[in-house]
Structures are given as C-alpha cells and as structure tokens.
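Hi,

Here is the structure I said I would pass on. Have a look at it first, and then read my notes on what turned up.

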Amino acid sequence: MLSPSDAPAPDPQVQCYLEYVRVQKRLAARTLALYQLDLEKLAQFAARLNLPLLQLENAHIRHFMRQMHSGGRSGRGIALILSGWRSFFTWAAQQGLIAYNPAQNVRAPKASKPLPKSLSVDEAVYFAEFANPGADPWIEARDAAMVELLYGCGLRVGELAGLDTVASADAERQGRGWVDLQAGEAHVLGKGSRRRSVPVGRAASAALRAWLALRATPFGAAAPCEPALFVGRRGARLTAQSIWLRLRLRGQQAGVATPLHPHMLRHAFASHLVQSGGDLRAVQELLGHASVTTTQVYTRLDFQHLAAVYDVAHPRAHKKPPAN
C-alpha cells in the first residue's frame, strides 16, 4: 500500500484529460472529482509495477480489476470505475499517446440486481389514505395529492415536479407535463425525452381537485403563482428534493416503519399491478420503460409475494420433520 508521501505526482496527461472533459463534455463537478479519484487510483496501481500510466496493458487492467473485486468492491462500482478508465484511454488513443485502449475489452464482474424496495398493498393504501387533521389544510391537500399521483400513476419524482396545471406551448417547449382532469390523464415527459399519458384514477382525481381548490389561496389575485401544479409557500415550483423531503416527513407522521422516498411508491404502483395480474407490456407503457426487460424486475417481486402467501397458507409449505 502506498503511503501519501509515496503516491505518484499528478500525471500531466490525466490533468489534460480532466480539463478536456470539463470543457468539452461539461461534466458536473462531482463527476469530474470521481473521474480524478479513479484515475489517481489507477496511477497508484501502475506505480506499484513501476510503470507509467500510459504503458499499462490489458492484463494489468484485468489484474487491478480482480484486486478491487477481491477487496470487496461491488461489480457495479467496478463497472463505473472501469468506464472512467476506458474513457481516459480512448482520449489518449485519439491524442496519439497510445496505440490502443488497454481497457477496451475488459468487463467488470457481473453486478447483482437487488430488488427495488416497495410497500405492501396494505401499507401503500394506508399511506395514500392517511390524513393529518392537525396540519395546515393547504399543505395537507398538496401533499395528499402528490402521494396519490406517485402511487396512483407510478410517476417518477422528476415527472411529478415537472407537471403544470394545464397544457401549454411553453410546457411543450420546456419539456414539462400537465394534468387533464376532465380526460382523467396525466401527460408527462419521462427519461429519454419520451412522452407518455397515464390514467389518473378516481382517488387521485379527487385529491387533485381538493388541492387545486386551495392552490392559489396564499397568493391572491395580485400575485398568481406560476403554472406548476405543485408549488411551495412562495409560489415557486417544488423541486424533486423538496418532494422527497415532504414524502419522508409524511411517512413519519403516518407511522410507516420504512423510510419513504418517491420511487418507492412508483415501485409499489408497478408491483401491485403485476400482483393483480396486470399485463407486463401494459405496465411497461405506464412506467415509461424503454425496454420490457426493465419492467421484468416486478415479476420477481410478484414471485416473492406468491412465495410468502404459499409459506403462510399452504399446508405443505412447512413439512414436519420425520419422527425418529
């Protein structure tokens, strides 16, 4: 293990690459910092072999990858690091600094796919129906409507935050969605700039009507709030982070044991549809997944549900041990 004093000096080519991706790819500061850390780690690996960074070969990259894996790094984490290394070597090859990309054909260990956290049907219904009579009626109506749309329509939190009260050319241009209560539909812009329409059920419609009746109350006629469906006390559109915090707080107020986040209600929406016999292709359309493979994770959740029912109810689920 290299001590801080033994660590190699910053590689000038790495610094050139980081400046390139900062300017040309406009990476976020955090992404840039992670790229730098991963490349520094690669330089340390190379230093242990007394090799310059740009003289590493395919076998070295595979060796470093195995070291990380045996050290407990997850397959997903290694894949992210490897992606950064591959990008660096691609740039170096384009600059004529190396003849080929040594990370090009290296694959990370297969990452396990944990099942998404969800709520049981009883938990989700209880949370959707929860009412806090001691809360500010304006806040209560808004938060109840957000919960109903997240669970009743399976929206992503960004899609919820991007909803307007009505359709408009401005909303179309800026990639926002809207709710059409008369038609009973929410029109959203999802990942990959894919638009979709999802039905708004009776419970969600009722909650939305209750919220819309109060929405403009704090602002008065002289200060109408923006077209955002969900706004804060100052009339500004709620951010995804604000919605996440409101949902977490509401879960605590309702006494839900599991710490809630918006995507958990989306998972509940999908898994409960599948449990009820919903067609997987239809669930895919409702969720806005580009591929049905992504949606298939909910069949695993459904199998877990069926297995739990079997364990509790079937007389052969728990066999008695044979008598000696």
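Let's begin at a pair of facing residues: A186 sits opposite V198 in β4. One thing to keep in mind as you read is that this is a predicted model. A186 belongs to the stretch where strand β3, residues 185-189, runs antiparallel to β4, with 5 bridges between them. Another pairing across to β4 puts H187 opposite S197.

β4 itself, residues 195-199, has two different sides: R196 and V198 are on the covered face, while R195, S197 and P199 are on the uncovered one. That fits a general pattern, as side chains in a regular strand alternate between the two faces of the sheet. The hairpin that joins β3 and β4 has 5 residues between the strands, and in it G192 adopts a positive phi near 70°.

Now step back to the sheet. It is open, made of 4 strands in the order β1-β2-β3-β4, and its pairing is mixed. β1 and β4 are the edge strands with a single partner each, so one side of each has no neighbour in the sheet. Where does the mix come from? β1 and strand β2 (residues 177-180) pair in the parallel sense over 2 bridges, whereas β2 and β3 are antiparallel, over 3 bridges. The β2-β3 hairpin has 4 residues between its strands, and G184 there also shows a positive phi near 70°.

You can follow a path across the sheet if you like. D164 stands opposite W178 in β2, the bridge partner of W178 in β3 is H187, and H187 in turn faces S197 in β4.

D164 deserves a stop of its own. You'll find D164 in strand β1, residues 163-164. Is D164 buried or exposed? It is buried, because its relative accessible area is 0%. Its side chain makes a polar contact of 2.6 Å with the side chain of R237. Leaving out residues up to four places away in sequence, D164 touches A171, R176, G177, W178, V179, P227, A228, L229 and R237.

Just before R237 in your sequence view is A236, in the loop between α9 (202-214) and α10 (240-254). A236 counts as partly exposed because its relative accessibility is 43%. Which residues does A236 touch, not counting those up to four places away in sequence? They are E226, F230 and V231. A236 and E226 are 10 residues apart along the chain, and their C-alpha atoms are separated by 6.8 Å.

Next, the aromatics. The count comes to 10 aromatic pairs. One of them is F45 with F64, a stacked pair at 4.6 Å centre to centre, with 15° between the planes. This pair links distant parts of the chain: F45 is in helix α2 (residues 29-48) and F64 is in helix α3 (residues 58-70), 19 residues apart. F45 and F64 are both buried. Elsewhere, ring pairs join Y17, Y35, F88, F89 and W91 into a cluster.

The loop between α2 and α3 holds N50. What is the phi of N50? It is near 55°, a positive value in a residue other than glycine. For context, most residues other than glycine have a negative phi. N50 counts as exposed because its relative accessibility is 72%.

On cysteines, the structure holds 0 disulfides. Two of the cysteines are worth a glance. C16 counts as partly exposed because its relative accessibility is 43%, while C153 is buried, with a relative accessible area of 1%.

Finally, some numbers for the whole protein. How many helices and strands are there? The protein has 14 helices and 4 strands. Of its 324 residues, 38% are buried. Among contacts with a separation of 6 or more, 58% come from residues 24 or more positions apart. The protein exposes about 18600 Å², and carbon and sulfur atoms supply 55% of that.

If you want one place to start in the viewer, try D164: it is in β1, opposite W178 in β2, and in polar contact with R237 through their side chains.

Cheers

Definitions and conventions: Residues numbered from 1 in each chain as written. Predicted model: local features only at pLDDT ≥ 70, side-chain atom pairs only at ≥ 80, totals over all residues. Heavy atoms only, no water. Buried < 20%, exposed > 50% of the residue type's maximum accessible area, 1.4 Å probe, protein only. Contact = heavy atoms within 4.5 Å. Areas by Shrake-Rupley, 256 points an atom, 1.4 Å probe, with all protein chains shown as cover. Pairing = 2+ DSSP bridges. Polar contact = N/O pair within 3.5 Å; in protein donor to acceptor, adjacent residues only side chain to side chain. Disulfide = S-S within 2.5 Å. Phe/Tyr/Trp six-rings, centres within 6.5 Å; stacked < 30°, edge-to-face > 60°.
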